[in-house]
Every structure is written in structure tokens, then in C-alpha cells.
Amino acid sequence: MTTDTLVLGAGIVGVSAALHLQERGQSVAIIDRSAPGEGASFGNAGLLERSSVIPYAIPRDLRTLLNFATNRAAAVHYDPAFLPRIAPWLMGYWKASHPDRLRTIARELLPPIEACLDEHDRLVQAAGLSHLVRRDGWVEIVRSEAGLAEAGQRSHDLRRDFGLASDVLDRAALSRLEPSLKAAAIGGIHWRDPFTVTDPSALTKGYAAYFESKGGTIYCETIRSLTRQANGWRVTTDRGQHEAANVVVALGAHSGALLAAQGYNVPLVGKRGYHLHFRAEAGAMLNHAVLDEEVGYVLAPMAAGIRLTTGVELAAPTAPVNRIQMDRAERRAHEIFPLGDPVEEKPWLGLRPATPDMKPVIGPAPNHRGLWFAFGHAHHGLTLGPATGRLLAEMMTGEKPFADPTPFDIRRLM
Ligand SMILES: Cc1cc2nc3c(=O)[nH]c(=O)nc-3n(C[C@H](O)[C@H](O)[C@H](O)COP(=O)(O)OP(=O)(O)OC[C@H]3O[C@@H](n4cnc5c(N)ncnc54)[C@H](O)[C@@H]3O)c2cc1C
């Protein structure tokens with residue numbers, strides 16, 4: 001075999017894993033049915049979320065739960081016929097959202113979150129992609145004094161517990177940072193640690209081009225099956241076969257089917273999310289990505305326009321595009337920012353690969369030598385891709401992992 005490792009999937013996670021393995025002297029090829037960065041890694045909000053140290057849990061307060069249950073919220077929308085199909089996953093998510101459990105999960109996720117900016121930065125510099133990255137954080141806006149008090153307390157607690165850098169903004173300070181925001185945004189928090197990316201797909205494509213420039217190969221083929229060989233693995237695609245000693249499954253929300261065939265029934269749900277780009281009205285501009293937490297959407301200044309990304313839709317992965325959440329979010333976004341016409345007709349739809357305990361799966365297959373996993377990064381795949389790539393490559397090559405990989409072991413979900 002001439003290839004040491006085949007990485008299945010050219011999203012941010014697969015490409016990052018491939019780069020880290022290549023750096024460690026392995027001969028690596030990636031297989032994807034599309035060009036790199038065309039899956040979930042194409043359309044996200046572009047936040048390298050160093051400040052997101054507590055994962056997105058199911059809220060416990062009755063008011064928010066009732067708001068979600070009526071299916072009228074912009075943040076969460078669901079197809080009632082789909083929920084029974086994911087009932088065990090939902091139950092697991094609910095349990096993981098208990099404050100005690102959530103504290104443990106946050107602690108387990110902290111090392112890769114803490115490493116996320118350095119790991120991106122190194123690749124960004126090496127691949128010459130600095131023009132895609134902004135290093136001045138993002139802004140959470142609030143619509144009421146009560147909201148500002150709550151956000152101020154939360155940012156204080158996170159500064160105390162995790163050392164996060166943030167400024168509480170009254171209306172005047174918010175206007176200095178974002179002069180085009182309308183009066184409905186009465187203040188906010190400037191989370192200063194995170195970076196933002198002006199074209200997430202271009203970042204993944206840039207990392208992939210760097211991988212190729214260093215001798216890596218990318219095959220544009222659809223993966224059909226995975227077969228164990230005497231001394232490795234065979235991947236069968238629509239175009240032929242590839243063999244290698246190791247295989248890394250990094251197919252995002254599509255990782256489940258291939259794994260089920262190997263006996264791993266991973267509870268993985270694709271949390272759907274949309275984006276649509278808008279022009280700004282004449283003279284208006286947005287300097288930072290802005291989260292309207294109360295409503296549940298992000299407005300981010302991107303190369304293609306102002307990208308409005310929605311919250312979570314729970315519906316079958318193949319269900320048609322449902323504009324309802326985008327329309328709700330757009331209506332409320334006009335209250336905050338002078339959005340002009342949409343750039344595209346139809347919203348983009350992507351799947352966040354989500355496990356019930358909010359943690360990715362990173363590490364070896366317990367029952368199969370040479371089979372490795374890197375998926376399930378949910379809301380933080382763009383953030384964590386390079387840190388995951390490093391952790392996985394360290395495990396695969398026998399180096400001491402920079403973080404404890406135990407919390408990401410697939411056995412916790414089996
Ligand atoms: C609306 C939205 C906003 C988001 N905002 C953020 C954010 O601001 N910050 C952040 O960190 N994260 C964000 N995320 C999450 C992030 O985008 C994902 O976690 C991340 O992109 C997952 O990367 P991945 O490489 O695991 O999967 P993907 O990028 O989906 O890559 C999987 C790849 O597998 C390929 N594939 C699948 N099946 C096959 C097959 N049979 N044969 C060949 N190839 C196959 C696909 O073509 C795809 O390229 C957001 C997601 C959404 C939807």
C-alpha cells in the first residue's frame with residue numbers, strides 16, 4: 001500500500017486531520033464527493049468560537065421551552081413528525097443539558113476550545129490565508145435592559161471562570177463599534193477573543209490546497225463502502241477502489257451510514273441550519289459578526305454579503321428547504337440592521353453533525369484496527385477542526401496527545 005491513511009470527507013475536520021497526519025510524515029489521501037469545504041463547512045457563521053466554552057444545551061427555563069414547543073421561535077424549529085424518530089437522541093440531549101452534566105461536558109471540551117485559535121493560526125499562516133481571518137471578536141446584542149443585565153452577569157461569570165475577554169456595551173459604546181445598528185439594539189457584549197472568517201469554504205479550500213501543495217492527494221469520488229483487509233482497509237467509491245493501512249471517517253453528519261455497516265450505531269443527528277446573504281442598504285456597514293441571542297440568528301459580514309445564519313431546525317436530513325425560520329429571522333433582523341435585498345434567491349441549507357452529549361467523536365474504533373473517527377462537532381466544527389486534527393494525528397502516530405482524548409471516545413455513545 002502506498003497510502004498510509006485515507007481520510008473520508010474534505011470538510012474542515014477531514015482536511016485538518018489530513019494536514020496533521022501529513023505533517024507527521026504520513027502519505028495521505030482525502031476522498032470526497034464534492035470539492036473541499038462544500039458540506040457544512042461551506043455555509044456556517046464563520047465564528048472561530050474561542051468564547052463558546054459552554055455548549056448549546058436545551059434550556060431549562062419554562063418560558064423558553066414553551067416558546068420552542070409552540071414552534072413559533074426563530075431559534076429552533078421542528079417537524080413534529082420527525083421528533084419521534086430521534087426521541088432517544090433528544091432524551092440523551094436533555095439529560096446532557098442538566099446543569100451538573102453540562103459543567104462536566106464544558107470542562108471536557110475546554111482543552112480543544114482553548115487550542116482552537118492557535119491551531120487555526122498556524123495553518124492560516126502556513127497556507128497564506130490571513131486575508132480570510134479577522135481577529136477582533138464578535139458582538140452579542142441585546143434588546144432590553146433586563147437582557148443587558150443578564151448578558152453582563154454572564155460575561156462577568158465567564159471572565160471569572162474561564163478568563164474570557166469581553167466588554168459590556170451600552171448603547172453609545174455599541175454605536176461606536178457598530179454605527180449602523182438600529183436603536184432596537186440597546187447594548188451588548190463584545191466577545192473579544194474569537195476570530196471570524198469572511199469565507200469559511202475558502203478557508204477549508206485554502207487548507208486543502210496547502211495539503212495538495214505538500215504532496216497530498218484529493219479524490220473527488222462518492223464513497224460507497226468500507227471493507228476490512230488483511231493489513232488495512234479498502235474504500236469502494238463510484239469510480240473504483242482505494243486501499244490504505246488506516247481510514248479516518250470525517251464525513252460530518254453523513255458519518256453514520258458507513259459506521260453502521262461496521263457495527264457502530266452512533267446516535268448522530270444533522271441539526272439543520274440555513275444561510276442567506278443580503279446587501280446592506282446604502283451607507284450601512286457591519287464591522288463584526290452580530291448575534292441576536294434573544295431571537296436566535298447571526299448576521300456576519302462575509303465576502304458574499306451579510307450572511308444571515310439561522311438557529312436549529314430538527315427535520316429529516318433530506319426534507320425540502322423550509323423558509324419559515326429564515327423568514328422569521330430576516331423580519332427580526334431588519335429591526336436591528338438596515339438589510340437590503342437578498343443576494344441569492346434560495347437559502348443554503350447545511351447539517352451540523354450532532355451527538356446527544358454535545359461532544360465530538362475523536363479517536364480509534366474500539367473493535368477495528370486502523371479505523372479512526374473524527375465527526376460530531378455540531379455547532380463548533382469550524383472552530384475545532386484543526387484542534388481535532390491535531391488530537392487525532394497525535395493518537396494515530398503514538399505521540400502524547402495535547403488533550404485528554406477519553407471524553408471523545410466513541411464507547412461513551414455505544
Ligand atoms: C448554519 C450553520 C452555522 C454554523 N456556524 C458555525 C460557526 O460559526 N462556527 C463553527 O465553529 N461552526 C459552525 N457551524 C458548524 C460547522 O459548520 C460544522 O460543525 C462543520 O462544518 C462540520 O465539519 P465536518 O468536516 O465534520 O463536516 P462537513 O463540512 O459536512 O464535511 C463532510 C464531508 O463529507 C462529504 N461526504 C459525505 N458523504 C459522502 C460520501 N458518501 N462520499 C464522499 N463524500 C461524502 C461531504 O461532501 C462533505 O464535504 C455551523 C453550521 C451551520 C449549519
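Which helices and strands each supply at least two residues of the shell around the ligand? They are helix H1 (12-23), helix H2 (40-43), strand E15 (269-280), strand E21 (348-354) and helix H11 (381-396). Helices (H or I, at least four residues) and strands (E, at least two) are DSSP runs, numbered from the N terminus. This is a predicted model, in which local features need pLDDT of at least 70 and side-chain atom pairs count only at pLDDT 80 or more, while totals for chains, interfaces and linings use all residues. Residues are numbered from 1 along each chain as its sequence is written, and side-chain values use heavy atoms, with hydrogens and water left out.

**The shell around the ligand**

- The ligand is surrounded by 32 residues (each with a heavy atom within 4 Å of it).
- The closest of these residues are Asp-32, Ser-41, Leu-47, Ala-378 and Thr-383.
- By class, the shell holds 12 nonpolar, 16 polar and 4 charged residues. Ala, Val, Leu, Ile, Met, Phe, Trp, Tyr, Cys and Pro count as nonpolar, Asp, Glu, Lys and Arg as charged, and the others, Gly among them, as polar.
- Domain 1 (5-42 + 201-267 + 356-413) and domain 2 (52-98 + 126-197 + 269-354) each give at least three residues to the shell. These bounds come from an automatic or database domain assignment.

**Polar contacts with the ligand**

- A polar contact here is a pair of N or O atoms within 3.5 Å.
- An oxygen atom of the ligand lies 2.9 Å from a backbone N or O atom of Ala-40.
- The side chain of Asn-44 has an N or O atom 3.1 Å from an oxygen atom of the ligand.
- For Ala-45, a backbone N or O atom is 3.0 Å from a nitrogen atom of the ligand.
- On its own the ligand has 1,000 Å² of accessible area, and the protein covers 95% of it (Shrake-Rupley method, 1.4 Å probe).

**Residues with positive phi**

- Most residues other than glycine have a negative phi.
- Asn-71, in the loop between helix H3 (62-69) and strand E4 (76-78), has a positive phi near 65°.
- Asn-71 counts as buried at 14% relative accessibility, where buried means under 20% relative accessible area (1.4 Å probe, protein chains only).
- Met-358 has a positive phi near 70° and lies in the loop between E21 and strand E22 (361-364).
- Met-358 is also buried, at 8% relative accessible area.

**Helix H8**

- Helix H8 (residues 200-213) has 14 residues and spans 20 Å from its first C-alpha to its last.
- That span is close to the expected 20 Å, which is 1.5 Å times one less than the number of residues.
- Among the buried residues of H8 are Leu-203, Tyr-207 and Phe-211.
- Gly-215, just after H8, takes a positive phi of about 100°.

Conventions:
Polar contact = N/O pair within 3.5 Å; in protein donor to acceptor, adjacent residues only side chain to side chain. Buried < 20%, exposed > 50% of the residue type's maximum accessible area, 1.4 Å probe, protein only.
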